[in-house]
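Grab the viewer and work through a few exercises. Try each task yourself before reading the solution below it.

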Amino acid sequence: IVEDKSNPICNIIISVKAGFSYQNKDNTGFFGLYSKLFWYSDKENHNKAKEEYLQLGSADVSSQCNFDDTRYSISFPAGSIEPILKKISIQLINPFFSDTIIKEEFTKLKNYAQETYNSSAGFINSTIDEQIFYAPWQQDSFNYAAIRLLKNNEIQKIRGKLSEIKTNYYI
């Protein structure tokens, strides 16, 4: 008989009613941006939260913005449950996104939105969405007009939209 002294793996999945169906014309695309920024939220360590989770033994962290909700998942050894739960609760209640990480992730999303908007597939999908749906901005067609119209250096406007999402849809 060989005793197994390994640490069991825990999984936490947090579901927040903040999917892209809650978007409006002014914040389309920002729910997805918020979900991408979530794992970087860490005031003390200058947005190194994702790396800190990995140091605590986390195998994976992910976020996925869906139609009705956004899901955050993390897998980690059971021995790390207390520091991980503490860290996640701080991120949910009082997230902090540095200007650098906001600009970096916003630029990626804006470039993707612009490329998709300029492609024939993006044009076809957004045209169909506009004809079929009453509120096309609530579809995930990547026609993020609110994202495309903002400039990369308008950090305070971007931060304001993220803060509005946090206040209205998160804890």
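## Exercise 1: Salt bridges

A search of the whole structure, which is a predicted model, turns up six salt bridges.

Task: Find which helices are tied together by lysine 87 and glutamate 52, and work out whether each residue is buried or exposed.

Solution. Start with the contact: the two side chains meet in a salt bridge at 3.5 Å, N to O. Next, place the partners: lysine 87 sits in helix α3 and glutamate 52 in helix α2, so the bridge ties together parts 35 residues apart in sequence. Now check burial, where the cut-off for buried is under 20% relative accessible area. Lysine 87 comes in at 12%, so it counts as buried. Glutamate 52 has 24%, so this one is partly exposed.

## Exercise 2: Bridges over short stretches

Task: Compare the burial of the partners in the bridges Arg71–Asp69 and Lys108–Glu105.

Solution. Take arginine 71 and aspartate 69 to begin with: their closest N and O atoms are 2.8 Å apart. Arginine 71 is partly exposed at 42%, while aspartate 69, at 8%, is buried.

Then move on to lysine 108 and glutamate 105, where the closest N and O atoms are 3.2 Å apart. Both lie in helix α4, three residues apart, or about one turn of the helix. Lysine 108 is partly exposed at 48%, and glutamate 105 is buried at 7%. As a last step, look for shared partners: Glu104, Glu105 and Lys108 join into one salt-bridge network.

## Exercise 3: An aromatic pair

Task: Describe how the rings of tyrosine 34 and phenylalanine 97 are arranged.

Solution. The whole structure holds 11 aromatic pairs. For this one, the centres are 5.4 Å apart and the planes make an angle of 85 degrees. Edge-to-face needs over 60 degrees, so that's the label here. Tyrosine 34 is in helix α1 and phenylalanine 97 in the loop between α3 and α4, 63 residues apart. Both are buried. Zoom out, and ring pairs link them into a cluster with Phe38, Trp39, Tyr53, Tyr72 and Tyr170.

## Exercise 4: The core

Task: Which residues have the most contacts inside the largest nonpolar core?

Solution. This core has 34 residues, and the ones to pick out are Ile74, Ile88 and Leu162. Elements giving two or more residues to it include β1, β3, α3 and α7, but α1 gives the most, with five. Finally, click on isoleucine 74: beyond four places away in sequence, its contacts include Ile12, Trp39, Tyr53, Val61, Ile84 and Ile88.

Technical notes. Residues numbered from 1 in each chain as written. Predicted model: local features only at pLDDT ≥ 70, side-chain atom pairs only at ≥ 80, totals over all residues. Heavy atoms only, no water. Core = buried A, V, L, I, M, F, W, Y, C linked by side-chain atoms within 4.5 Å. Buried < 20%, exposed > 50% of the residue type's maximum accessible area, 1.4 Å probe, protein only. Helix = DSSP H or I, 4+ residues; strand = E, 2+ residues; numbered from the N terminus. Contact = heavy atoms within 4.5 Å. Phe/Tyr/Trp six-rings, centres within 6.5 Å; stacked < 30°, edge-to-face > 60°. Salt bridge = Lys/Arg side-chain N within 4 Å of Asp/Glu carboxyl O.
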